[in-house]
Each structure stands twice: as C-alpha cells, then as structure tokens.
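Colleague: Before I rely on the labels attached to this model, I would like to go through the reasoning behind some of them. Please set each value against its cut-off as we go.

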Amino acid sequence: MRRVVVTGIGLLTPLGQGTELSWKKILEGKSGAGNITAFDVSDYACKVACEVPRVDGRGGGGPDVPGSFDPDQTLSPKDRRRVDDFILYGIAAADEAVKDSGWEPQTDEDRERTGVMIGSGIGGLGTIAETAIELHEKGPRRVSPFFIPSALINLVSGQVSIRYGFKGPNHAVVTACATGAHAIGDAARLIKYGDADV
C-alpha cells in the first residue's frame with residue numbers, strides 16, 4: 001500500500017477568512033462574537049452570535065474590514081442561489097485547504113484515492129426553514145428543484161469533490177459541537193484502513 005502524506009488547512013471563521021488571519025486574532029485574544037446581522041432579532045432574547053464577516057456588511061464585516069469574506073471569489077451569484085451559505089463557506093475553506101496542501105492529483109488513480117470529509121454542526125437549517133414556510137404558504141409547486149441539493153449536509157463534501165475532481169470516499173459528518181473532531185477522526189480512519197490515501 002502506498003502512503004501519501006498531504007496536509008492543508010483552510011479557515012473561514014467569525015474572525016475572518018484565512019488561516020493566518022484567524023490564528024493571529026486567536027493569539028491576540030479577539031472574539032468573533034457580535035450583534036446578529038443576518039436576520040431581524042428584535043423578538044429574540046439573544047441578539048449576539050458568531051457570524052462570518054462578509055464584504056457585504058453581514059457579520060460585522062465590510063469591504064474595508066480585513067478578512068471579510070467575498071462570496072464572489074468562491075461562487076458566481078447564480079451558483080450561490082443554488083446552495084445554502086454553509087456550503088458556500090465549506091467550499092471557501094476547502095479552496096484554501098487544497099491550495100495550502102499543494103495537492104494536485106494528475107492521474108485517475110490519484111483522484112480515486114483522494115477523498116473528501118467535511119462536517120457541519122447542522123447544515124442548511126435556514127434554507128430548510130424558509131422552504132417549509134414556502135411549502136406551507138404557497139404549495140409544493142413553489143418549492144425549488146434545487147432545495148434538496150442546496151441544504152443537505154452531504155452536498156458540501158459533494159460540491160468540493162465535484163470542484164476538484166476528487167473521486168475517493170465522500171462523507172459529511174453531523175454531530176453538533178463534536179462535528180470537527182469527528183470529521184478529522186473519520187478521515188484519519190479512511191486513510192488508516194486503506195480506503196483513501198488523501
């Protein structure tokens with residue numbers, strides 16, 4: 001059995017986009033918490049969350065705020081309409097991780113031995129909630145044909161596989177706050193037991 005060691009890190013966090021920036025802010029003791037900007041919180045007791053700062057001003061970001069995420073750099077507006085933000089964010093983090101790793105499989109065998117394991121604590125809950133309301137208020141004909149592929153947890157790993165042509169094992173983990181640890185552990189097991197090299 002051949003062994004390939006590839007490591008890469010990609011972060012898109014409430015502290016900003018990029019591993020270096022996020023790590024720097026962590027070391028400085030910065031917090032990613034702030035007032036919720038993604039929806040109206042006037043009826044909610046809690047008005048604070050850890051949102052990803054964006055160039056459009058959501059999440060406390062803005063075009064002049066270092067590390068603000070620019071969705072246009074990851075997906076076109078047309079493609080973004082077809083996915084929940086968690087998939088957009090997963091693709092952005094994967095882009096950085098793949099670039100950081102330097103891994104560019106050149107053969108079908110390399111692509112077939114490269115898997116994708118990504119986790120999300122909950123997936124596309126916002127899209128699911130909005131679609132449930134639309135279904136209730138306007139009927140089934142108003143539900144987008146892209147609803148399922150835009151919200152299911154495994155579509156984040158699927159989208160990354162499609163983007164890079166990785167054809168190995170493809171899984172998505174959903175275990176609430178333990179998701180990140182489980183995704184890393186499950187990926188390590190896939191490599192340990194020979195299901196993938198990368």
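**From values to labels**

Modeller: Let me begin with V52, which is buried, with a relative accessible area of 12%. Please keep in mind throughout that this is a predicted model.

Colleague: Why is V52 called buried?

Modeller: Buried means under 20% relative accessible area, and V52 has 12%, so the label applies. The residue sits in the loop between β4 and α2, and, leaving aside residues up to four places away in sequence, V52 touches L12, T13, P14, R58, G59, F69 and Y89.

Colleague: F69 and Y89 appear among those contacts of V52. How many aromatic pairs are there by the ring rule?

Modeller: The count comes to three aromatic pairs. One of them is formed by F39 and Y44, with 5.8 Å from centre to centre and 65° between the planes.

Colleague: What makes the pair of F39 and Y44 edge-to-face?

Modeller: Two cut-offs are needed: ring centres must lie within 6.5 Å to pair, and planes over 60 degrees apart count as edge-to-face. The values of 5.8 Å and 65° for F39 and Y44 satisfy both conditions.

Colleague: And what are the corresponding values for the rings of F69 and Y89?

Modeller: Their centres are 5.6 Å apart and their planes stand at 80°, so the pair of F69 and Y89 is edge-to-face as well. F69 lies in the loop between β4 (48-49) and α2 (77-80), whereas Y89 belongs to helix α3 (residues 85-101), so this pair ties together parts that are 20 residues apart in sequence.

Colleague: Are the residues of these two pairs buried or exposed, or does the label fall in between?

Modeller: F69 and Y89 are buried. F39, in contrast, has a relative accessible area of 45% and Y44 has 48%; since partly exposed covers the range between 20% and 50%, F39 and Y44 both receive that label.

Colleague: How do you know that S120 is buried?

Modeller: Its relative accessible area is 14%, which is under the 20% limit, so S120 counts as buried. S120 lies in the loop between β5 (116-119) and α5 (125-138), and, not counting residues up to four places away in sequence, S120 touches F86, I153, V173, V174 and T179.

Colleague: Why would A176 be singled out for its phi?

Modeller: Most residues other than glycine have a negative phi. A176 is not a glycine, yet its phi is positive, at about 50°. The residue is found in the loop between β6 (170-173) and α8 (179-192).

Colleague: Turning to the whole chain, which elements does the protein contain?

Modeller: It has eight helices and six strands, and from the N terminus on they run β-β-α-β-β-α-α-α-β-α-α-α-β-α.

Colleague: What makes the protein as compact as a globular one of that length?

Modeller: The radius of gyration is 18 Å, and the globule rule gives 16 Å for 198 residues; the two values are close, so the protein is as compact as a globular protein of that length. Along the principal axes, the C-alpha atoms fill a box of roughly 60 × 50 × 30 Å.

Colleague: What fraction of the residues is buried, and how much area does the protein expose?

Modeller: Buried residues make up 34% of the 198, and the exposed area is about 12100 Å², of which carbon and sulfur atoms supply 56%.

Definitions and conventions:
Residues are numbered from 1 along each chain as its sequence is written. This is a predicted model: local features need pLDDT of at least 70, side-chain atom pairs count only at pLDDT 80 or more; totals for chains, interfaces and linings use all residues. Side-chain values use heavy atoms; hydrogens and water are left out. Helices (H or I, at least four residues) and strands (E, at least two) are DSSP runs, numbered from the N terminus. The radius of gyration is taken over C-alpha atoms; the globule rule is 2.2 Å times the number of residues to the power 0.38. Buried means under 20% relative accessible area, exposed over 50%, partly exposed in between (1.4 Å probe, protein chains only). Accessible areas come from the Shrake-Rupley method with a 1.4 Å probe; for residues, only the protein chains shown count as cover. Rings of Phe, Tyr and Trp (its six-membered ring) pair if their centres lie within 6.5 Å; planes under 30 degrees apart count as stacked, over 60 as edge-to-face and the rest as tilted. Contact means heavy atoms within 4.5 Å.
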